[in-house]
Amino acid sequence: MELAIAVLPGDGIGPEISRQGIKVLESVAKRFNHEFSFRFGLIGASAIDATGSPFPDQTLRLCIESDAVLFSAVGDPKYDNNPSSPVRPEQGLLKMRKELDLYANIRPISTFDSLLERSPLKNNVIEGSDFVCVRELTGGMYFGEKGEGEEMAYDTNIYHKFEVERILDIAFNLARKRKNHLTVVDKANVLASSRLWRKVAKEMESSYPDVKTDYMFVDNAAMRIVQDPRFFDVMVTENTFGDILTDEASVITGSMGLLPSASLGSKTPLFEPIHGSWPEAAGKNIANPVAQILSAAMLLEHFGLLREGELVRKAVENSIENGVRTPDIALPGEKTYTTDEVGDWIACEILKIS
Ligand code: IPM
Ligand code: MN
């Protein structure tokens with residue numbers, strides 16, 4: 001298969017982990033005789049420095065012309081504590097999500113047996129956890145009307161019926177491919193936007209009689225994720241709730257550096273780790289590349305390259321089992337590996353596994 005992949009390394013640890021994603025895809029291409037080409041684009045703080053814009057038109061064009069986007073991370077402390085800055089790196093990511101119409105963010109959460117010890121949660125609670133959060137990605141407070149004054153500020157949590165329907169459709173269908181269990185997470189006891197979500201979901205339920213659908217308030221879901229994560233199969237929720245719940249859920253796996261995601265919509269699909277740019281670690285070669293590498297696996301699977309995706313997953317698993325780990329997941333006293341070394345090991349393993 002030929003795939004033109006736009007690579008957007010972004011900021012902080014972005015460039016380092018991005019390179020590992022490419023290495024792995026090159027290994028896959030070599031082993032399976034695919035032709036993957038990579039073209040690079042600017043986004044985030046590095047794009048602001050170079051062009052003044054966090055998501056330059058040239059990057060948008062590159063994404064539109066490509067088959068897929070492999071994105072890493074944006075964010076730079078020099079903007080975080082400067083609320084008066086008219087332009088911020090995160091705007092680049094949000095603009096990209098909007099322009100590429102990436103309304104469905106698929107975030108799978110599962111444990112690695114060999115990493116159960118790394119989670120601060122009890123083994124017997126998290127063992128066997130395996131669920132997917134379907135996060136709405138182009139609506140809600142992130143994109144609703146905002147006002148910012150000296151004495152007051154507001155964000156509008158607005159959702160249209162069509163936005164709720166299309167994300168629920170994805171979630172119901174995903175549940176069908178898994179254990180036929182969908183949990184709709186909202187705050188319908190307080191928020192009007194949530195009541196719309198719940199109403200639309202109730203209407204759609206009858207079209208998916210084979211899916212067991214339940215409803216949970218977001219505060220309760222936040223508790224359930226750490227108390228009884230095996231309860232969940234597919235959960236679907238709005239943009240802000242999904243952002244918060246998936247950071248929380250990463251605690252189950254033991255590190256933020258392990259969780260990939262796919263952002264899908266009507267245009268070019270994008271694959272991105274759920275973690276941020278971790279500026280303190282930038283350039284130190286210590287960041288975990290696994291979230292990025294598993295995002296590459298999701299990219300492959302999106303194009304039907306299932307054996308390829310499986311092989312990448314297996315190689316990642318083998319690396320962890322063999323102790324080839326960055327500091328965030330290493331056991332106390334164990335040797336740790338650099339970002340590059342982990343990437344090299346996994347890329348090499350992909351060529352070796354029978
Ligand atoms: C994420 C990130 C982004 C978000 C930030 C960087 C804008 O936290 O992808 O989860 O809030 O969506
Ligand atoms: Mn987040």
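Student: Which helix gives the most to the shell around ligand 1?
Tutor: Residues are numbered from 1 along each chain as written, with chains lettered from A and ligands numbered from 1 in written order. The model is predicted, so local features need pLDDT of at least 70 and side-chain atom pairs 80 or more, while totals for chains, interfaces and linings use all residues, and side-chain values use heavy atoms, without hydrogens or water. With three residues in the shell (a heavy atom within 4 Å of the ligand), the top contributor spans residues 89–99 (a DSSP run of H or I, at least four residues) and is helix H5.

Student: Which residues surround ligand 1?
Tutor: Arginine recurs in the shell, as Arg-97, Arg-107 and Arg-135. Together with these, ligand 1 is surrounded by Glu-90, Leu-93, Tyr-142 and Asp-243.

Student: What distance separates the side chain of Tyr-142 from an oxygen atom of ligand 1?
Tutor: Polar contacts here are N or O pairs within 3.5 Å. A polar side-chain atom of Arg-97 lies 2.7 Å from a ligand oxygen, and one of Asp-243 lies 2.9 Å from a ligand oxygen. For an N or O atom in the side chain of Tyr-142, the distance to an oxygen atom of ligand 1 is 2.6 Å.

Student: What share of the area that ligand 1 exposes when taken alone does the protein bury?
Tutor: Taken alone, ligand 1 exposes 320 Å² (Shrake-Rupley, 1.4 Å probe). Of that area, the protein buries 79%.

Student: Which strands stand at the edges of the sheet?
Tutor: The open sheet has 10 strands (E runs of at least two residues) with mixed pairing (at least two DSSP bridges), in the order S2-S1-S3-S12-S11-S4-S5-S10-S8-S9. An edge strand has a single partner, so one side of it is left without a neighbour in the sheet. That applies to residues 35–40 and 212–217, which are strands S2 and S9.

Student: Which residue of S2 is the bridge partner of Ala-4?
Tutor: Strand S1, residues 2–10, pairs with S2 in the parallel sense. Six bridges join these two strands. In S2, the bridge partner of Ala-4 is Ser-37.

Conventions
A polar contact is a pair of N or O atoms within 3.5 Å; within protein, one must be able to donate a hydrogen and the other to accept it, and residues adjacent in sequence count only if both atoms are side-chain atoms.
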